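I sat down with a coffee and this model to look up a few things a bench colleague might ask about. Here are my notes, in the order I made them.

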Amino acid sequence: MTSRGKKIFLFLSIVVPFLIYCIVYYAPIIRNAPFKAKEFVSLEYKWGVGTNLENSYNSATGEYKYLNDKDSLIVKHVELNARDKKYLDSNADEQGFWNLPDIVANNENDIKNSKAPRYFMKFNYQKKSKEVTYLSDFEGNIRMKNAAVQMQKIIEQSIIDAEERAKK
């Protein structure tokens with residue numbers, strides 16, 4: 001076999017299989033890439049005790065409903081600006097929100113009977129959406145809990161900031 005033939009054989013036996021492997025392995029990952037910031041449409045956020053989530057915010061409509069300390073239902077119109085939406089999307093990426101399971105709870109019984117505060121977060125994009133329900137009494141994976149707690153706090157703070165801007 002000539003020197004050129006050996007090089008071609010080496011190329012075909014090592015480089016080509018590696019390229020095929022890369023295409024087969026990475027194509028689904030690229031196709032199902034995390035949610036794109038430019039496709040972000042809206043955020044839905046609900047919270048409450050037990051299965052009754054009486055407090056809610058929907059960024060698509062701007063409707064913000066919550067019970068105050070006197071158990072009176074307060075309904076306001078609060079809009080998130082483009083910067084808030086970008087901030088929420090980038091924080092969801094940082095916190096690993098896309099990798100969280102749909103329900104962050106201890107077990108199936110806990111989901112139905114827990115009296116602990118419950119938070120529902122849903123990010124809507126043009127083609128996909130991701131929703132997570134987090135129960136505050138979750139005692140499992142600490143990284144998963146921290147990601148859910150941090151995301152919940154960031155969403156809450158963004159809504160409060162938008163509400164303060166609306167007052168001015």
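**Entry 1: aspartate 102 and its partner.** I began with aspartate 102, which is partly exposed because its relative accessible area is 48%. I was working from a predicted model, so I kept that in mind throughout. Which residue does aspartate 102 form a salt bridge with? I found lysine 130, with the closest N and O atoms 3.5 Å apart. The pair links distant parts of the chain: aspartate 102 is in the loop between α2 and β5 (103-104), while lysine 130 is in strand β7 (residues 129-135), 28 residues away. I then checked whether lysine 130 is buried or exposed. Lysine 130 counts as buried, because its relative accessibility is 10%.

**Entry 2: other salt bridges.** How many salt bridges does a search of the whole structure find? My search returned 5. One of them joins the side chains of arginine 165 and aspartate 84, at 2.3 Å from N to O. Arginine 165 sits in helix α4 (residues 142-167) and aspartate 84 in helix α2, so this pair ties together parts that are 81 residues apart in sequence. I looked up the cover of each partner too. Arginine 165 counts as partly exposed at 39% relative accessibility, whereas aspartate 84 counts as buried at 11%.

I also noted a salt bridge between the side chains of lysine 122 and glutamate 131, at 3.8 Å from N to O. Lysine 122 is buried, with a relative accessible area of 17%; glutamate 131 is partly exposed, at 33%. As a reminder to myself, side chains of opposite charge can pair when their charged atoms come close.

**Entry 3: asparagine 91.** I stayed with helix α2 (residues 82-95), where asparagine 91 has its place. Asparagine 91 is buried, because its relative accessible area is 7% and the cut-off for buried is under 20%. Next I asked how far the C-alpha atom of asparagine 91 is from that of methionine 151. I got 7.3 Å, for two residues that are 60 apart along the chain.

**Entry 4: surface patches.** Which residues gather in a patch of positive charge on the surface? I listed Lys36, Lys38, Lys127 and Lys128. I followed up on lysine 36, which lies in the loop between α1 (3-31) and β1 (40-49). Lysine 36 counts as partly exposed, because its relative accessibility is 43%.

I then turned to a nonpolar surface patch of about 1100 Å². Its members include Ile8, Phe11, Phe18, Tyr21 and Tyr26. I picked tyrosine 21 for a check: it lies in helix α1 and counts as partly exposed at 49% relative accessibility.

**Entry 5: a backbone oddity.** Aspartate 71 caught my eye, with a positive phi of about 60 degrees although it is not a glycine. Most residues other than glycine have a negative phi. Aspartate 71 lies in the loop between β3 (63-67) and β4 (73-77). With 64% relative accessibility, aspartate 71 counts as exposed.

**Entry 6: confidence.** Last, I looked up the pLDDT values. The protein chain averages 85, and 94% of the residues score at least 70. Where is confidence lowest in the protein chain? I found that in helix α3 (residues 108-113), at a mean of 70, whereas confidence is highest in strand β2 (residues 55-58), at 92. A note for my own reading: where pLDDT is low, the predicted coordinates should not be read in detail.

Methods:
Residues are numbered from 1 along each chain as its sequence is written. This is a predicted model: local features need pLDDT of at least 70, side-chain atom pairs count only at pLDDT 80 or more; totals for chains, interfaces and linings use all residues. Side-chain values use heavy atoms; hydrogens and water are left out. Patches are made of residues with over 30% relative accessible area and no salt bridge: like charges are joined within 9 Å, nonpolar side chains (Val, Leu, Ile, Met, Phe, Trp, Tyr) within 5 Å. Accessible areas come from the Shrake-Rupley method with a 1.4 Å probe; for residues, only the protein chains shown count as cover. A salt bridge is a side-chain nitrogen of Lys or Arg within 4 Å of a carboxyl oxygen of Asp or Glu. Lys and Arg count as positive and Asp and Glu as negative; His and the chain ends are not counted. The place of a charge is taken as NZ of Lys, CZ of Arg, CG of Asp or CD of Glu. Helices (H or I, at least four residues) and strands (E, at least two) are DSSP runs, numbered from the N terminus. Buried means under 20% relative accessible area, exposed over 50%, partly exposed in between (1.4 Å probe, protein chains only). pLDDT is the predictor's confidence in each residue, from 0 to 100.
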